Amino acid sequence: CGVFGVFGHPDAANLSYYGLHALQHRGEESCGICTSDDGTFHYHRGMGLVKEVFDRDRLESLKGKQAIGHVRYSTSGSSHLGNAQPLVFKYRGGDLAVCTNGNLVNEPIIRKELEESGSIFQTTSDTEVIAHLIARSSKDLVEAVKDAFLRLIGGFAFLIQTKDYLIAACDPQGLRPMVMGRLGEAYIFSSESCALETIGAEFVRDVQPGELLVLDKDGLREDRFAPMERRAMCSMEYIYFARPDSDIYGANLHSTRKRMGQILAQESFVDADIVTGVPDSSISAAIGYAEQTGIPYELGLIKNKYTGRTFIQPSQELREKGVKMKLSAVRKVVEGKRVVMIDDSIVRGTTSLRIVNMLREAGALEVHVRITSPPFMNPCYYGIDTPNPADLIASSKSVEEIRQAINADSLYFLTERGLRDAVGIYPDEYANGLCMACFNNDYPTPVRFEDAKLTSCS
Ligand code: 5GP
Ligand code: SF4
Ligand code: MG
């Protein structure tokens, strides 16, 4: 998912619209904006894309200088309006709006506790649990939020809005990204920096692990709810999720992916006629692979930009249909050629098989698959939607078996070392690392609770 917030700008709703539109790749299922007009809340949520859910009149009605907004990524079996955010609650005679990107591993435990002591829940979302924790505290809002966040285990980036405050926070490991920017006197928060560029805001900095940034009439207060622990930014953000024009902790995503391609070429050169990337996420890496090897980069695959990300459609059947709608091979480019095909990840393996076959049907002589991540073997507990572990092809098959399953002439996965070198940060440096748990099973938080929850909102 993606979150976006504005504090202190007369055009808060419009800015949120453009910001969320720039974050659309982080979720296409539903979206919403909630503004505060001196404490009167106006909000609208809907299913679908930002441009479908909001029109001029709707935005016009969202008055106020403060806003938080959300785009939601569809996760297994929960595609309905009730899951759209921001959620708005009654709080001490006013309103409280919350939206989040991520997943709380221990949410079921906290929910059970709250229910046992009388809370009644309307949704199944993590966000509501937070609201209850805050509402139960007798402390002032900021202290209540801090206490609530201290109880959370997982990966999350939160925006909270009340009449007087806008609060932004990231989990103590910094698993999910969020940046802060300025637009004139106004403050902006966004899951990714690309949205700052879109609205002409200036990038200020990444929100740090465990940090709590509070905006009120006195301006910005930089506080924290937890000490910074081992920083563990999600490596899938670098590999796949974030847009190539975004920066995370100073590293531009296009350049990082290009380095992944270069390192992949060093680790696994193969003699071929052309290099092609699976659009959009792997174009940068394919350019890097081509640059490193001297094999020309070609557009061997074209994406129809009017279809959504295939992962976003809930059922396997729809997903399989989606791949065909979405991608085609360029026959004149690949015919008679030995092709290196770069992709970012193999999860179930169905996408790779289809694309390899598509290239063969278009006349490719050989298809060599190079992946810019290590084999995806373990589920994510921090909000990136991953299938049931049994459906992760790398959890049960060797690289050679995967090669056969996807019908490739050769297959190679980037090493963990190569991934770290490409990103340029190391887990052994204090507070400066990557989460790679889905590749190496090294989760940066406890995850094995009796009823740990796998997926909420990536
Ligand atoms: P699969 O191997 O399951 O068929 O699909 C892998 C493909 O799905 C990759 O090409 C990747 O670009 C795309 N994809 C879409 N959403 C996600 C996601 O949330 N995580 C991962 N790892 N890949 C995704
Ligand atoms: Fe990202 Fe994988 Fe860690 Fe989940 S387990 S946060 S997908 S690196
Ligand atoms: Mg892809």
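Select Glu-335 to begin: with a relative accessibility of 40%, Glu-335 counts as partly exposed. The model on screen is a predicted one. Glu-335 sits in the loop that joins helix H12 (331-334) to strand S20 (338-343). Now add Ala-362, which is 27 residues away along the chain; the C-alpha atoms of Glu-335 and Ala-362 are separated by 6.0 Å. What is Glu-335 in contact with, once neighbours within four places in sequence are left aside? The answer is Ala-362, Gly-363 and Ala-364.

**Stop 2: two strand residues**

Select Thr-162, in strand S7 (residues 154-162). Is Thr-162 buried or exposed? Its relative accessible area is 7%, and the cut-off for buried is under 20%, so Thr-162 is buried. Show the residues around Thr-162, not counting those up to four places away in sequence: Thr-162 touches Ser-36, Phe-41, Gln-66, Asp-95, Leu-96 and Leu-141.

Keep Phe-41 on screen and select Gly-94, which belongs to strand S6 (residues 94-104). From C-alpha to C-alpha, Gly-94 and Phe-41 are 8.9 Å apart in space, while in sequence they are 53 residues apart. Gly-94 has a relative accessible area of 25% and is therefore partly exposed.

**Stop 3: helices H4, H5 and H6**

Select helix H4 (residues 107-116) together with helix H5 (residues 126-136); they pack at an angle of about 45 degrees, and their axes are 10 Å apart. That angle makes H4 oblique to H5. The crossing in which H4 passes H5 is left-handed. To see where they meet, show Glu-107, Ile-110, Arg-111 and Leu-114 on the H4 side, and Asp-126, Val-129, His-132, Leu-133 and Arg-136 on the H5 side. Sorted by class, the contact of H4 with H5 has four nonpolar, one polar and four charged residues.

A general point helps when looking at the side chains of a helix. An α-helix has 3.6 residues a turn, so residues three or four places apart point the same way.

Keep H5 and add helix H6 (residues 141-150). The axes of H5 and H6 cross at roughly 130 degrees and come within 8 Å. H5 and H6 are therefore oblique to each other. Which way does this crossing go, left-handed or right-handed? The crossing of H5 and H6 is right-handed. Ile-130, Leu-133 and Ile-134 of H5 make the contact with Leu-141, Ala-144, Val-145, Ala-148 and Phe-149 of H6. By class, these residues are eight nonpolar, no polar and no charged. Leu-133 takes part in the contact with H4 and in the contact with H6.

**Stop 4: aromatic rings**

Stay with Phe-149 and add Phe-156, Phe-158 and Phe-225: ring pairs link these four into a cluster. How many aromatic pairs does the structure hold? There are eleven. One of the pairs is formed by Tyr-382 and Tyr-443; select both. A pair of aromatic rings is described by the distance of the centres and the angle of the planes. For Tyr-382 and Tyr-443 these are 6.3 Å and 65 degrees, and the pair is edge-to-face. Tyr-382 lies in the loop between strand S21 (366-371) and helix H14 (393-396), and Tyr-443 in the segment after helix H17 (437-440), so the pair ties together parts that are 61 residues apart in sequence. Both tyrosines, Tyr-382 and Tyr-443, are buried.

**Stop 5: helix H16**

Select helix H16 (residues 416-423). Which residues of H16 are buried? They are Gly-418, Leu-419, Arg-420, Ala-422 and Val-423. These buried residues pack against helix H8 (235-241), strand S16 (251-252), helix H9 (253-267), strand S23 (433-435) and H17. Just after H16 comes Gly-424, whose phi is positive, near 90 degrees.

**Stop 6: helices H9 and H10**

Move on to H9 and add helix H10 (residues 283-293). H9 and H10 pack at an angle of about 45 degrees, with 6 Å between their axes. They are therefore oblique to each other. H9 and H10 cross in a right-handed way. On the H9 side, residues of the contact include His-254, Arg-257, Lys-258 and Gly-261, and on the H10 side they include Ser-284, Ala-285, Ile-287 and Gly-288. The contact of H9 with H10 divides into five nonpolar, eight polar and three charged residues.

Technical notes
Residues are numbered from 1 along each chain as its sequence is written. Chains are lettered from A and ligands numbered from 1 in the order in which they are written. This is a predicted model: local features need pLDDT of at least 70, side-chain atom pairs count only at pLDDT 80 or more; totals for chains, interfaces and linings use all residues. Side-chain values use heavy atoms; hydrogens and water are left out. Axes are lines fitted to C-alpha atoms, for helices over the stretch in contact, and angles run from 0 to 180 degrees between N-to-C directions. Helices (H or I, at least four residues) and strands (E, at least two) are DSSP runs, numbered from the N terminus. Angles under 35 degrees count as roughly parallel, over 145 as roughly antiparallel, 65 to 115 as roughly perpendicular and the rest as oblique. A crossing is left-handed if the near helix is turned anticlockwise from the far one by less than a right angle, and right-handed if clockwise. Contact means heavy atoms within 4.5 Å. Ala, Val, Leu, Ile, Met, Phe, Trp, Tyr, Cys and Pro count as nonpolar, Asp, Glu, Lys and Arg as charged, and the others, Gly among them, as polar. Rings of Phe, Tyr and Trp (its six-membered ring) pair if their centres lie within 6.5 Å; planes under 30 degrees apart count as stacked, over 60 as edge-to-face and the rest as tilted. Buried means under 20% relative accessible area, exposed over 50%, partly exposed in between (1.4 Å probe, protein chains only).
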